[in-house]
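Q: Please give a close account of the interface of chain B and chain A. Which elements and residues supply the side of chain B that touches chain A?

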Protein chains: 2
Amino acid sequence: MSERGDSGGVGVAQVGEFGLIDRVTARLSYGSTVLLGPGDDAAVVTAPDARVVASTDVLVDGRHFRRDWAGAHDIGRRAAAANLADVVAMGAEPTALLVALCVPADVETGWVEQLADGLGAEAASVGASVVGGDMSASPTLTIAVTALGDLAGRSPVTRAGARPGDLVALAGRTGYAAAGFTVLSRGFRTPRLLVEAYRRPEVPYAAGPAAARLGATAMIDVSDGLLADLGHVAKASGVAIDLRRDAFEVPPQMRDAAQALGVDPYAWLLAGGDDHALVATFPSQTVLPDGWREVGRVAEGRGVTVDGAPFDGPTGWDHFR
Amino acid sequence: MSERGDSGGVGVAQVGEFGLIDRVTARLSYGSTVLLGPGDDAAVVTAPDARVVASTDVLVDGRHFRRDWAGAHDIGRRAAAANLADVVAMGAEPTALLVALCVPADVETGWVEQLADGLGAEAASVGASVVGGDMSASPTLTIAVTALGDLAGRSPVTRAGARPGDLVALAGRTGYAAAGFTVLSRGFRTPRLLVEAYRRPEVPYAAGPAAARLGATAMIDVSDGLLADLGHVAKASGVAIDLRRDAFEVPPQMRDAAQALGVDPYAWLLAGGDDHALVATFPSQTVLPDGWREVGRVAEGRGVTVDGAPFDGPTGWDHFR
């Protein structure tokens, strides 16, 4: 492995559970939301709003990530991002992460340290901290992350508030991570833009609370694919959603990769997950701030369409199939 | 499997990720701490104290539990108990659990439903609710639970506050789960008292907040074994702790099992984990309430002793070794 610290060559079994926890917690730093960090039975985190937003996501080796496709630092960032995106998609400000790590005994401690650094760096990028966790040996490397957040006095923006006439807006990229995944799974390492997007999503964190302040009626982070996730919004809200295909420009590198691999790039853009864009609905007269662009409209009815018709490609991911 | 519902014969792969999540969330119920339950990007939980206590523990199949030794309901209760115990050991009241479940594709949905029922039942026993989670297929069945809690205006009771002269007190049982584990690992199914204690710990939840109200100076839940966990307290507090061996009575069934299996029962009582008893230090003049009994004293120095001498048996568990 390329990412190793001084202790990189030491397997986790050699330092033991407590030794590894000590090594990891020594690398973490704690922001102002942390009243009591790791090392006790539980952490204590600020919750000034007197409500706490909480979400859990789990990543499994070989299914949600591959250690030969991404380094430990990027895998840590991605594991954190998946959860932090869920918190900002409620309109909340992330405060803390807790991490349950299951790791095969032959994994090197340096890999785990880099993973922790990646988790900590992604958390710090939004003012949150890794405040606790647990580790165990396991045949399967698994990273379960819980993110906490604070609503700062706002109502949570759920999936259920979209109303006919609302505009549908997107913040962040879609299709990049899916394209990068396809590229990697065909044995390529370029285009770099796509591969890097798969390795480390660029989540538009600030757009979540901003949308809440602006009166977003519904919001979700795009983890299963835009069509699937808007399907969740449409179902929860009891509405139909129609996307405009011309709102999605195919970037040149994605176009070229799609052509080379024989893939419809709109399958990436509309059905690819894991970029953790945010998609929200707003009252129709809303003037969207920087970072948000209109991609469709809410109507009476049910289901999600593209230019008025069902999308004729894959519509999302199911992690059991 | 004996614990199956109507859908017991259906493997999780057949119903898919979303189908399984729907089945599980339909079985859960939500107490007054839950402002928004499962089904959105994140849950919203009350945090009236404006601080939230949070702890994560992970259980790995074959390492922390065995499906042939305990049913799914008991495994769920035990996974919840391990985390809820951490929250009450800070002196907090549990409010919520989040569960990340990794499950092999051939596990039956009925097993997962029973697990969810067990998690929910244990949470409900302390007024908390399962508010969210995630599921994925994985070769290794893994249950990562995060528990949240509220301090109700009290200071958190950490491991670091024990002072020389304090008395050491225990609430709950020790050694029962370890004895049950030994019994099961030798191929026996009785004594039932011990085996049941291993399958489903009886955590003295109310004793945690009660100790905090009473002015406990330090507290920890006994998950690694009494000596190991008091070792954490002694180290964090910069003190020595001495236990009185005669404070630990060997119950008749444990004595008989120890004799039959050729085990020192004090190795179970003093070094066995997983009963999730609570051990705390209190100012020396404290009149202990029901449920707490004095088992030792805090002194100047370092380390943990029994009747003034090091314990000459195993002192705890390390989940990597």
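A: The following account concerns the contact between the two chains. The model is predicted, and the description is to be read accordingly.

In this model, 67 residues of chain B are in contact with 67 residues of chain A. The size of an interface is often given as the accessible area lost when the parts come together. Here the area buried between chain B and chain A is about 5,100 Å², and carbon and sulfur atoms give 60% of that area.

Turning to polar interactions, the interface holds 22 residue pairs in polar contact, counting pairs with both residues at pLDDT 80 or more. Between chain B and chain A there are four salt bridges. One of these joins the side chains of Arg159(B) and Asp40(A), with an N to O distance of 3.7 Å.

On the side of chain B that touches chain A, at least two residues each come from helix H1 (12-27) and from strands E1 (34-36), E2 (43-46), E3 (51-60), E4 (93-103), E5 (129-137), E6 (142-150) and E8 (218-221). Among these contributors, E3(B) gives the most, with nine residues. By residue class, this side of chain B comprises 38 nonpolar, 16 polar and 13 charged residues.

Strand pairing also crosses between the chains: strand E3 (residues 51-60) of chain A and E2(B) run antiparallel and are joined by four bridges. Within this pairing, Ala43(B) in E2(B) stands opposite Ala54(A).

Note on methods:
Residues are numbered from 1 along each chain as its sequence is written. Chains are lettered from A and ligands numbered from 1 in the order in which they are written. This is a predicted model: local features need pLDDT of at least 70, side-chain atom pairs count only at pLDDT 80 or more; totals for chains, interfaces and linings use all residues. Side-chain values use heavy atoms; hydrogens and water are left out. Contact means heavy atoms within 4.5 Å. Buried area is the accessible area (1.4 Å probe) that two parts lose on being put together, summed over both. A polar contact is a pair of N or O atoms within 3.5 Å; within protein, one must be able to donate a hydrogen and the other to accept it, and residues adjacent in sequence count only if both atoms are side-chain atoms. Ala, Val, Leu, Ile, Met, Phe, Trp, Tyr, Cys and Pro count as nonpolar, Asp, Glu, Lys and Arg as charged, and the others, Gly among them, as polar. Two strands pair if DSSP finds at least two bridges between them.
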